[in-house]
Every structure is written in C-alpha cells, then in structure tokens.
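Subject: Structure for your review

Dear colleague,

Please find the structure below, handed over for your records. My notes on what was found in it follow directly after.

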Amino acid sequence: MSLPDWIVLAVTLFAIIAYGIYKSSGSKNLDQYLVGGRSLPWYHIGLSVMATQASAITFLSAPGLAYADGMRFVQFYFGLPLAMIVLCITFVPIFHQLKVYTAYEYLEQRFDLKTRALTAFLFLLQRGLSTGITIYAPSIILSTILQINVVYTTLFIGTLVIFYTVYGGTKAVSYTQVLQMSIIFAGMFLAGVVVVKLLPDGVGFKNSLQLAGKLNRMNVIDWKFDPKNQYNVWSGLIGGFFLQLAYFGTDQSQVGRYLTGSSVGQSRIGLLMNGLIKIPMQFLILLIGVLVFTFYQFKQPPLFFNRNEVKLIKESKYASQYQKLEQQYNSASLQKKLKADDLVKALNRDDKQAVITAQAGLQQYQTQTDTLRKQGIALIKQNNALAEVNDTNYIFLSFVTGYLPKGLVGLLIAIVFLASMGSTASALNSLASTTVVDIYKRVINKNATDQNYVNASRLATIFWGIVCLIMALYAGQLGNLLEAVNKLGSYMYGTMLGIFVVAFYLKHITGNAVFIAALFTEAIVVYCGWKEVMAYLWLNALGCILLVLIALLITPFVKQKNQAYGPDL
C-alpha cells in the first residue's frame, strides 16, 4: 500500500478505538458493563446488530462468493424480516421484562439449571469457534500486504479488539459500531462506483450486469425446491428463517445488543431496522463482487488469487507445470476478453444473433479458464496437502490492492478491519457475559460485589480472546469464510431455538424432557450435517422441529416438577 493508504488506515482505526473508549468512560458496574445500563436508542441498537452480523467476512468473502457463484447467496437472508417480526413480538418483551443479562437466565427460571447450562455451553462452543473465523479474515489482509506470517497479524488484530472490549464493555462496543457502520456504508458505496468507472470505455453499468447475466452471475432467485441446494428461495425463507430466528433470539452476541435498549419499543425498532436494511445491503455487497467479475472479463485476472500459495508453488518442484498453466490461462483470458468485447457491442446494437454467437464464445472460454483454474488448484494441493485452496476470500482484496486509487485502498481495508473489530468485540462481550452470568455468578460465586463481577467479565473477555485467537490460526482450512461461519452456527442453532420455542409456547413440557430431547437432537443434527444429508440451512429447521417433537413424545414418560415461569404469551 502507498503512504496515503497507511495514513487513512491508521487514522481510521485509532479514531474508532479512541471514540469508543471516550464514550464508554469505563463501566463501573455489571449492568453498565454487560448491557450498557439499558440506555441506548433504537439507531444504536440497529447499527450495532448489523455490525455484529456483518463481520469482516461479509466484506471480504461475500464479493468473492458472488464472483465465483453469482448472486444467489442473497436468498440466505429472505427469512430475516419475518424472523425480526417474531422476535419483536415474543423474545424482546420477555427478555426486557425479566431484566436478564443473558438469554439463558430465563431457561433456568423456566426449566432448570442443567438446561440453562447446556444451552449456554452450545452458545459458548459455536460462538467461540465462529469468532476465531472473524478474527482470521482481516489477518489475511495484513499478512498479504506486509508479506508476513498470518500468526503475527492475527495476534495484533485480536489484541487490539480485546483491549477496548475489556476496557469499555458493551458501551464501547456499541458506540464504536455506530461509527464503524457509517464508514462501512460510505466506503462500500464508493467501491461500487469506482469498479464501474474502471470498466473499459463503452462498457457501462447496464452492460456489466448484462454480461454477468450471460455468464450466470445474476442468479438472484432460484424457485426450484431442492433440500441439497444451499441457496434457493425455499432454503432462504424456511431454513433462513429458523437460522435468523435462532441467531437473533438465542445467540447472546445478538441478544446482548438489543438488551441495551432503553425500552422494548427502542429494541423493536432497532431490530426492524436491521430486517429492512440487511437484504438490500447484502445485495449491494454481492453486486460489487459481480461487478469485479465483469471487470476481470476485460482485465487479466491471476490464475489463483492467494499470492502466498502462488509464491510457494513457484518455489517448488511444480513451478514449471504451474507456469505452463498460467500461460495457457493468460491466453484463454485474452480470447475471453475479445469475446466479451464482441458481446457488449452486440448488446449495444441489439443484434440478437450476434449476442447468441458472442455469448457462446464467451462461455466456451469461461469454461476453459475455469478448467485451468481447477488444474492449478489441484497442483497447489499436490504441492502442499494443507494449502488453502479456496481463494474466494482473496478475490476482492486482490482487486482493491491492485486497481483502486490511493487513499480509497486504505479506507476499504479499514472497513474490513472495522467490520472485524465490531463483530469480534460483540462476540467477546457476549462470551464474557455468558461465562460470568451463567457460570461464575450462578455456580461459582453467587454473592460477590458488582466490581468483582466486572473484573471477572474482563478476565473472561481476555480468556475468550485467547481461545478465539487460537481458533483463528486454523480458520484457513475452512474454505469460504462466509459459508464456514454460517455452517458452524447451523450445527447448533436449531437445537438452541427449539429449547426456547418449548420454553415460550409449550408450558407443560418439563426441563428433563427438554434436556434429553436436546441431547438426541444435537446428535442427529451433527450427523446430518457431517454426512451432508441436506444443505446446511435446513439443519436449523431440522434441529428446532426435531427437538419440539421429541420433547412432546417423551414428556409423558419423564417426571419432574414443571417450573413454568415468565410472562404469559
């Protein structure tokens, strides 16, 4: 990066951290530290919820996913608005009325301690692993730019976030996220404009979308029902609904965001804001990836976007074979550019026959370049069995560092850092609150002072920060990070959601029945996910429905005093 880019990056990161610490001013008691004194307005909640969900993975991996697979991932979010409505009606008023610090406190009041502990454990496990992935995403950037080991960049980023999360707690997280999301929106909009400006003369925004459509990258809607298809309308509406409901209703990293609201109404408006904005926002981020794909129809893309892996194979015994593939790839890419030019000209003339001919030629060379890429990836894998062979996480980064003007490069890289910091800080804060409230305060030290609990929360934040840093070192083996983090959540969210559904709606079912059902359900869901019986989004629906059914079936055979507690629905 150039000096102006480094200045923009450093100033942006420093300003964000300083602003968050200044506004939080060091929380004095547990209520302030964990839920910000329950004093924040709806726009803070809405932006904080979005920042928690939209990690660096979103801005680094989503454009690469669209580049490789088109726009169909946007269907993943189709169930989100409906999930927000259900949350506003059910979850939000109950959590606010009970004045809980974590979602899992209610489960002990409704069931028993072991059910609360099991649900909290499932959350800690999946969120601890997922947060490692969100830390890894920006460490890729620093590692690529500085050409240093990813271990050092991971430690730097993780330590930075741990520092201001430990100091300021939830308020620091929330205030920084508001500023982060404002900068992120502006930066991504500028990136989209610049991509269009960089297209060759005579190729406008409309042409770029038409060309992408001819190569199956504008596949926004897929109506075909297929339980093994990752992204279609049905998996998004049904599986996505269960996933989003579980994420926002049972994952403390999100519950902790709207527990900070000054009232039920403020929390509800914040969640509805997220439901309305998230799909258009994700659509635009994916669209940037499609525009980058179009850009590379006219510019020479690399055979493989991960420079570190390319460097390693060019220093190996397979160097000559890889270079031969590169030559063939470059030649095919040149022919593809000529066909892309022909297609744009035919589209502008509205010459249907010429469009068909040019499209056929373009698809032919696209298939050829795809085949050569697969051969290159196979060679990289042959050279190193542990190589990171999915390079979609590097596509947008490669474009940004290679083609964007000075200053904007620093801003966009700052955006990825900000997104990582926001989601990681929320996750660490939620891991700490669950550890202290559901384990330390409940089981280990029930009668300590507020200051003792705040100190314990800070120590828990540091502990989970270290755990997540360790996980981050292995995240490179998980493929596309955006899909990896959602797959990981889908193994556990359905079970967690099922427990809360029973707690809210089936008051005659006891804690023992739910606990047993949860163990059986989790085993079945993990098996189905491991064997790829269905696409991962459906695991969320499977887990929830299965737990409810098993709990209903075994309730007559399980005896326990029912502890139904909480507001009537």
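A residue is called buried here when its relative accessible area is under 20%. Cys-544, with a relative accessible area of 4%, is therefore buried. Please bear in mind throughout that this is a predicted model.

Cysteines

Cys-88 is likewise on the buried side of that cut-off, because its relative accessibility is 6%. A disulfide is a covalent bond between the sulfur atoms of two cysteines. The search of the whole structure for such bonds returned zero disulfides.

Nonpolar cores

The largest nonpolar core comprises 149 residues. Those with the most contacts inside this core are Phe-91, Phe-95, Met-188, Tyr-258, Leu-271, Val-292 and Phe-399. Helix 13, which spans residues 264-298, supplies the largest share of the core, with 15 residues. Another core lies apart from it and has 13 residues, including Phe-304, Ile-313, Tyr-318 and Tyr-329.

Phe-399 may serve as a starting point when you inspect the contacts on screen. Once neighbours within four places in sequence are set aside, Phe-399 is in contact with Val-195, Leu-198, Val-292, Phe-295, Tyr-296 and Leu-404.

Salt bridges

Side chains of opposite charge can pair when their charged atoms come close. In the whole structure, 10 salt bridges were found. Which residues are joined into one network by salt bridges that share partners? They are Glu-108, Arg-116, Asp-438 and Arg-442.

Within this network, Glu-108 forms a salt bridge with Arg-116, at 2.6 Å from N to O. Glu-108 also meets Arg-442 in a salt bridge, here at 2.5 Å from N to O. Arg-442 belongs to helix 18 (residues 408-444) and Glu-108 to helix 7 (residues 105-110), so this pair ties together parts that are 334 residues apart in sequence.

As for accessibility, Arg-116 counts as buried because its relative accessibility is 6%. Glu-108, at 16% relative accessibility, also counts as buried. Arg-442, by contrast, has a relative accessibility of 22% and so counts as partly exposed.

A further salt bridge joins Arg-127 and Asp-251, whose closest N and O atoms are 2.7 Å apart. Arg-127 lies in helix 8 (residues 113-146), while Asp-251 is in the loop between helix 11 (233-250) and helix 12 (252-258); the pair therefore ties together parts that are 124 residues apart in sequence. Both Arg-127 and Asp-251 are buried.

Nonpolar surface patch

On the surface there is a nonpolar patch of about 970 Å². The residues that make this patch are Ile-148, Val-151, Tyr-152, Leu-155, Leu-459, Ile-462, Ile-466, Ile-470, Leu-473 and Tyr-474. The elements giving two or more residues to the patch are helix 9 (150-197) and helix 19 (450-472). Helix 19 provides the largest share, namely four residues.

Is Ile-462, one of the patch residues, buried or partly exposed? Ile-462 is located in helix 19, and counts as partly exposed because its relative accessibility is 36%.

With kind regards

Notes
Residues are numbered from 1 along each chain as its sequence is written. This is a predicted model: local features need pLDDT of at least 70, side-chain atom pairs count only at pLDDT 80 or more; totals for chains, interfaces and linings use all residues. Side-chain values use heavy atoms; hydrogens and water are left out. A nonpolar core is a set of buried Ala, Val, Leu, Ile, Met, Phe, Trp, Tyr and Cys residues joined through side-chain atoms within 4.5 Å. Buried means under 20% relative accessible area, exposed over 50%, partly exposed in between (1.4 Å probe, protein chains only). Contact means heavy atoms within 4.5 Å. Patches are made of residues with over 30% relative accessible area and no salt bridge: like charges are joined within 9 Å, nonpolar side chains (Val, Leu, Ile, Met, Phe, Trp, Tyr) within 5 Å. Accessible areas come from the Shrake-Rupley method with a 1.4 Å probe; for residues, only the protein chains shown count as cover. A salt bridge is a side-chain nitrogen of Lys or Arg within 4 Å of a carboxyl oxygen of Asp or Glu. A disulfide is a pair of cysteine sulfur atoms within 2.5 Å.
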